[in-house]
Amino acid sequence: MTMPANALPVFCIGLLAQICFSARILVQWVLSEKRREVVSPSLFWLFSLTGSMLFFLYGWLRQDFSIIFGQFISYYVYIGNLRLKGILDRLPRAVPVVLAMVPLAAVAATLTDVPHFVATFLRNEAVPLPVLVWGTVGQFVFTMRFVWQWFYSRREGVSLLPRTFWIISLTGSLLIVSYGLWRKDWILILGQSFGMVAYLRNILIDKKAAGRHTAESQHC
């Protein structure tokens, strides 16, 4: 079967996005193993923001509402964590403003032709409504991990990745993989499959670290 003319570039954009997402997990995983506790490195959030922009574009080109919906929310959480890390303060003031405006510009462009957006993204013949709802629920759960992480970090005053973050990640990832299997979207399947291994490992690392801290406090 002949591949559509635009299929390869779209696939490459999605692949680059997943490489960024996988890189963030790999960096965080390695540093957590080294420290023997779950850490939230700056590179995790830089890779997240880059991957989010690419994955939003991929979802748009794939006319996949569930993908662009998930990335729209998490994008701002990435920016917020970079601000907590002090990364954005080191950049020219115009850069954070431009970063914050990118998704809003996409929404503004969408509002210029709402009927076309609805017909293309919400009534896509390639994605029946029940499947679209399932995929959107998966993206919503997956995105809520960052909303929870943001509130948790704001409460503590520092960027953290609590155990609940990884539990929500694993749940959302399973939903997205099942959606990706239906759509035969290998970008979704491969990216999420790698992540699930890291999510499980981070849960174990956090449990061991909590046990170690408890034992140390009891001996003090």
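**View 1. Cys-20, a buried cysteine.** In this predicted model, Cys-20 has a relative accessible area of 12% and is buried (buried means under 20% relative accessible area, exposed over 50%, and partly exposed in between, with a 1.4 Å probe and protein chains only). Cys-12, in contrast, is partly exposed at 35%. The structure holds zero disulfides, a disulfide being a pair of cysteine sulfur atoms within 2.5 Å. Why do Cys-12 and Cys-20 not bond? The sulfur of Cys-12 is 13 Å from that of Cys-20, its closest cysteine sulfur, and this is too far for a bond.

**View 2. A nonpolar patch on the surface.** Here you meet Leu-8, Phe-11, Leu-15, Leu-16 and Ile-19, which together offer about 450 Å² of accessible area. Such areas come from the Shrake-Rupley method with a 1.4 Å probe, and for residues only the protein chains shown count as cover. Patches are made of residues with over 30% relative accessible area and no salt bridge; like charges are joined within 9 Å, and nonpolar side chains (Val, Leu, Ile, Met, Phe, Trp, Tyr) within 5 Å. A salt bridge is a side-chain nitrogen of Lys or Arg within 4 Å of a carboxyl oxygen of Asp or Glu. Look for Leu-15 in helix α1 (residues 7–35); Leu-15 is partly exposed, at 36% relative accessibility.

**View 3. Gln-63 in its loop.** Where does Gln-63 lie? Find Gln-63 in the loop between α2 (42–61) and α3 (65–84). Helices (H or I, at least four residues) and strands (E, at least two) are DSSP runs, numbered from the N terminus. The phi of Gln-63 is near 55°, a positive value in a residue other than glycine. Gln-63 is partly exposed, with 35% relative accessible area.

**View 4. Lys-184 in another loop.** Lys-184 sits in the loop between α7 (163–183) and α8 (186–218). Although Lys-184 is not a glycine, its phi is positive, at about 55°. Is Lys-184 buried or exposed? With a relative accessible area of 70%, Lys-184 is exposed.

**View 5. Stepping back to the chain.** You can count eight helices and zero strands. Of the 220 residues, 44% count as buried. The C-alpha trace spans about 65 × 40 × 25 Å along its principal axes.

**Notes.** Residues are numbered from 1 along each chain as its sequence is written, and side-chain values use heavy atoms, leaving out hydrogens and water. Because the model is predicted, local features need pLDDT of at least 70 and side-chain atom pairs count only at pLDDT 80 or more, while totals for chains, interfaces and linings use all residues.
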